[in-house]
Amino acid sequence: MEGRVLVIGSSGQIGTELVEELRTLYGNDNVIASDIREPQIEQTGPFEILDILNKVQLLEIVEKHNVKQVYLLAALLSATAEKNPAFGWDLNMNSLFNVLDLGKDKIIDKIFWPSSIAVFGPTTPQQNTPQYTIMEPTTVYGISKQAGERWCEYYFEKYGVDVRSIRYPGLIGYKSKPGGGTTDYAVDIFYQAILTQKYECFLSEDTTLPMMFMSDAIKATISIMESEKSEIQIRSSYNVSGISFSPKEITQEIQKSIPDFKISYEPDYRQDIANSWPQSIDDEYANKDWSWKPDIDLNKLSNIMLNNLKLILKS
Ligand code: NAD
Ligand code: AKB
């Protein structure tokens, strides 16, 4: 690989695990982690404090480390962005422009930018949501992701920027905590099942959403980035699917290991966000173009989360 990799937003839920995997693949010193805040875990390679809205600082770091690939993870997620729509729009859009412009100016060669199932809205078919369908998102986060997808495709078509993207579903892992999304309950529930054997869920029991275990998300991310350029036929963003479940279904899965675990439901403003999203995703294009296939089902996910969090929380 020519040049180094920069991960922006590396202290967050995905960045924490992605940096670890990229360093295993490319070597510790070839992956520069960066964030506006300190990392959640001890670093095994270079780390820079970076505010992605500061273009000058971004260029300095890119030149200092001879960066050629950028993974842009900094963003406000759905629930947090609803509380501060103007800032959510500013961060989510201008971070993307700052990185896309580095591609346009031929300073970097390749960009990964994640979109989300939040690009879909209440008028989208909710079951097996196709790649190409009605998209009328009702959250500022979803609007920013949809606009971001259009800009990615535009920069590819007009300026030849090699930008690649996937629409992540809700992500679940035990190595890092989520940062303000509507799907966060599906991580918190495991902590509470172990710590207190009870959980008050902010979504109703039958709210089914598309989800994915973090190792599958990292696999999809690295797989799309390592694919040949010619294989990437979609330059907006690819649907990818993992598993779908509701709070009731994940509770039943946890109860197989912790029979005394109890859940109660107190839906809040995040219920409206969840209601506007798909329940399951059709990812035939990702499968066809770059052989995407998830590994982890609900049963495996639940066992991995419980086994690892028990060790972490009880140590
Ligand atoms: P996160 O909130 O856990 O992490 C985002 C990181 O960005 C944080 O560490 C934060 O400190 C950092 N950040 C915020 N403002 C910054 C700035 N100005 N400059 C530099 N860093 C800044 O989010 P995540 O879950 O890791 O998500 C990463 C990306 O993936 C986002 O674009 C998100 O929309 C997308 N995504 C995530 C999920 C999910 O379930 N986690 C699902 C779909 C899409
Ligand atoms: C959120 O809930 O905001 C994220 C997402 C699905 O984009 N997890």
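## Charged and aromatic contacts

Trp-151 and Tyr-154 sit three residues apart in helix H5, about one turn of the helix. This is a predicted model, and this pair is a handy place to start looking around. Trp-151 is partly exposed at 33% relative accessibility, and Tyr-154 is partly exposed too, at 36%.

Now for a second aromatic pair, elsewhere in the chain. Tyr-238 and Trp-290 have ring planes at 90 degrees and centres 5.5 Å apart, so the pair is edge-to-face. Tyr-238 belongs to strand S12 (residues 238-239) and Trp-290 to helix H10, so to speak of a link between distant parts of the chain is fair, because 52 residues separate the two. Tyr-238 comes out as buried, with 0% relative accessibility, and Trp-290 is buried as well, at 4%.

By the ring-pairing rule, there are eleven aromatic pairs. Back in helix H5, the Trp-151 and Tyr-154 rings have centres 5.5 Å apart and planes at 70 degrees; angles over 60 count as edge-to-face, so this pair gets that label. Trp-151 and Tyr-154 also belong to one aromatic cluster with Phe-97, Tyr-155 and Tyr-159. Tyr-159 has a charged neighbour: Lys-104 lies over the face of its ring, 4.5 Å from the centre. Likewise, the charged end of Lys-177 sits over the ring of Tyr-191, at 4.3 Å from the ring centre.

On to the salt bridges. The count comes to eleven, and here are three of them:

| Pair | Closest N to O distance |
|---|---|
| Arg-167 and Glu-149 | 2.8 Å |
| Asp-295 and Lys-219 | 3.2 Å |
| Glu-253 and Lys-256 | 3.2 Å |

Arg-167 forms its salt bridge with Glu-149, and the pair ties together distant parts of the chain, from strand S8 (residues 166-168) to helix H5 (residues 140-159), 18 residues apart. Both Arg-167 and Glu-149 are buried.

The Asp-295 and Lys-219 pair also links distant parts of the chain, 76 residues apart: Asp-295 is in the loop between helix H10 (284-290) and helix H11 (298-314), while Lys-219 is in helix H7 (residues 214-226). Asp-295 is partly exposed, with a relative accessible area of 46%, and Lys-219 is partly exposed at 32%.

What about Glu-253 and Lys-256: is each one buried or exposed? Glu-253 is buried, at 11% relative accessible area, whereas Lys-256 is exposed, at 60%.

Finally, Asp-162, Arg-164 and Arg-235 are joined in a network of salt bridges.

Note on methods
Residues are numbered from 1 along each chain as its sequence is written. Chains are lettered from A and ligands numbered from 1 in the order in which they are written. This is a predicted model: local features need pLDDT of at least 70, side-chain atom pairs count only at pLDDT 80 or more; totals for chains, interfaces and linings use all residues. Side-chain values use heavy atoms; hydrogens and water are left out. A salt bridge is a side-chain nitrogen of Lys or Arg within 4 Å of a carboxyl oxygen of Asp or Glu. Helices (H or I, at least four residues) and strands (E, at least two) are DSSP runs, numbered from the N terminus. Buried means under 20% relative accessible area, exposed over 50%, partly exposed in between (1.4 Å probe, protein chains only). Rings of Phe, Tyr and Trp (its six-membered ring) pair if their centres lie within 6.5 Å; planes under 30 degrees apart count as stacked, over 60 as edge-to-face and the rest as tilted. A charge sits over a ring if NZ of Lys or CZ of Arg is within 6 Å of the ring centre and within 35 degrees of the ring normal.
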